[in-house]
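Biologist: Could we go through this model together? I should like to begin with the charged pairs and then turn to the strands, the cores and the surface.

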Amino acid sequence: MIIEKTRRHGKIKRKLPLNAALMLGTFTAFICTAQTSHAQDSIFDIPAPHNESYADVGVAGVVRDTYVGSGETETLALPFINAEYKGRLFVKPGLGAGVYAIKNDRFRLSASANLALGRDTEDTPFKDLGLNEDLLEIDTTVTVAVAGRYYLPFGAIDVLGTIPVGGDLDGQRLDTLFTTEIKPMKKLRITPGVRATYQSSGWLNSIYGVNAEQATTIGIDEFSTGGQIATVGAHAVGYYQLPNNFEIVGLVNYSRLLGDVQDSPLTDSNNGITAALGIAKQF
């Protein structure tokens, strides 16, 4: 999911795939065009107050299902960074590190690189079989994404296209989200939302598929599925302002599996939950 705050007054196993190169090449050309534009009111200029620089830095504790449907949870301590430089460069939870091509009151367009956390064989329903630790392992994967956000009077729509460029994931995924904002009290801001995620066959089978070697070793049938809208979910992020420019950040995210992927031997349930609580210093 995407966590975005706006202030207003593993192992690399292969070369960059063709679809990743095309996505990055297209966006690079787009940025170059933007930078060479000399129009005074170009859509690629970042107007005030969106061109500010800031950094919120802290740490967060995260409890999450290792993947949606795993039935296994893990607890992580992760750095929390939410930062921008002149409204152009950014590091954000959910988006990673990237650059805005367009950023104004109505629309945003960005490209970024991020990490998709992996899993161990012991995180699957077959953890008690004494399997080789590499059999069902998924390495942490480097991903690149192009994201667009359109602001409505009552919320925002986000579309995020993601592809892997290293690690054990393949294919593509497309997330569509709607998020709004409520302020129940002066120092508290909450951004609830809903989303649907399309995942290609390559992406789904990287996580939920069972190939011939795995099926023979475990003693189960092979499993594969085609691309589909495989998850829907809801989320909420809360920000509570503390004295001396400190802030508490909390997150709850729920996901539900849909379609054929529910029949995978690697799904112990059809649900996935992530919860996080962190504290950050604002600079």
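Biologist: How many salt bridges does a search of the whole structure find?

Modeller: The search finds eight salt bridges. Please bear in mind that this is a predicted model.

Biologist: Which side chain does Glu74 meet in a salt bridge?

Modeller: Glu74 pairs with Arg64, at 2.7 Å from N to O. Glu74 belongs to strand S2 (residues 73–85) and Arg64 to strand S1 (residues 54–65), so the salt bridge ties together parts that are ten residues apart in sequence.

Biologist: Are those two, Glu74 and Arg64, buried or partly exposed?

Modeller: Glu74 is partly exposed, with a relative accessible area of 22%. Arg64 has a relative accessible area of 12% and is buried, because the cut-off for buried is under 20%.

Biologist: And what does Glu72 pair with?

Modeller: The side chain of Glu72 meets that of Lys127 in a salt bridge, at 3.0 Å from N to O. This pair links distant parts of the chain, 55 residues apart: Glu72 is in the loop between S1 and S2, and Lys127 is in the loop between S5 and S6.

Biologist: How accessible are Glu72 and Lys127?

Modeller: Glu72 is buried, with a relative accessible area of 19%. Lys127 counts as partly exposed, at 38% relative accessibility.

Biologist: Which residues are linked with Lys92 in a network of salt bridges?

Modeller: Lys92 is linked with Glu84 and Lys103 in that network. The side chains of Lys92 and Glu84 meet at 3.2 Å, N to O, and both of these residues are buried.

Biologist: Turning to the strands, how does S5 run relative to S6?

Modeller: Strand S5 (residues 107–116) and strand S6 (residues 141–152) run antiparallel and are joined by ten bridges. Within this pairing, Arg108 has Arg149 in S6 as its bridge partner.

Biologist: What about S6 and S7, how many bridges are there?

Modeller: Eleven bridges pair S6 with strand S7 (residues 155–166), again in the antiparallel sense. Ala145 stands opposite Thr162 in S7. The connection from S6 to S7 is a hairpin through two residues.

Biologist: Now the interior. Which residues have the most contacts inside the largest nonpolar core?

Modeller: They are Leu136, Ile207 and Tyr208, in a core of 19 residues. Helix H2 (201–208) and helix H3 (212–218) each supply at least two residues of this core. H2 gives the most, with four residues.

Biologist: What is Tyr208 in contact with, leaving aside its neighbours within four places in sequence?

Modeller: Tyr208 is in contact with Tyr67, Val68, Phe223, Leu257, Val261, Ser264, Leu266 and Thr267. There is also a second, separate core of eight residues, including Val62, Phe80, Tyr239 and Ala276.

Biologist: Finally, the surface. Which residues make the nonpolar patch?

Modeller: The patch is made by Val59, Met185, Tyr240, Phe246, Ile248, Leu277 and Ile279, and has an area of about 600 Å². Strand S12 (246–257) and strand S13 (271–282) are the elements that give two or more residues to the nonpolar patch.

Biologist: Where is Ile279, and why can it count towards a patch?

Modeller: Ile279 is in strand S13. Its relative accessible area is 40%, which makes it partly exposed. Patch residues need over 30%, so Ile279 meets that cut-off.

Methods. Residues are numbered from 1 along each chain as its sequence is written. This is a predicted model: local features need pLDDT of at least 70, side-chain atom pairs count only at pLDDT 80 or more; totals for chains, interfaces and linings use all residues. Side-chain values use heavy atoms; hydrogens and water are left out. Patches are made of residues with over 30% relative accessible area and no salt bridge: like charges are joined within 9 Å, nonpolar side chains (Val, Leu, Ile, Met, Phe, Trp, Tyr) within 5 Å. Accessible areas come from the Shrake-Rupley method with a 1.4 Å probe; for residues, only the protein chains shown count as cover. A salt bridge is a side-chain nitrogen of Lys or Arg within 4 Å of a carboxyl oxygen of Asp or Glu. Buried means under 20% relative accessible area, exposed over 50%, partly exposed in between (1.4 Å probe, protein chains only). Two strands pair if DSSP finds at least two bridges between them. A nonpolar core is a set of buried Ala, Val, Leu, Ile, Met, Phe, Trp, Tyr and Cys residues joined through side-chain atoms within 4.5 Å. Contact means heavy atoms within 4.5 Å.
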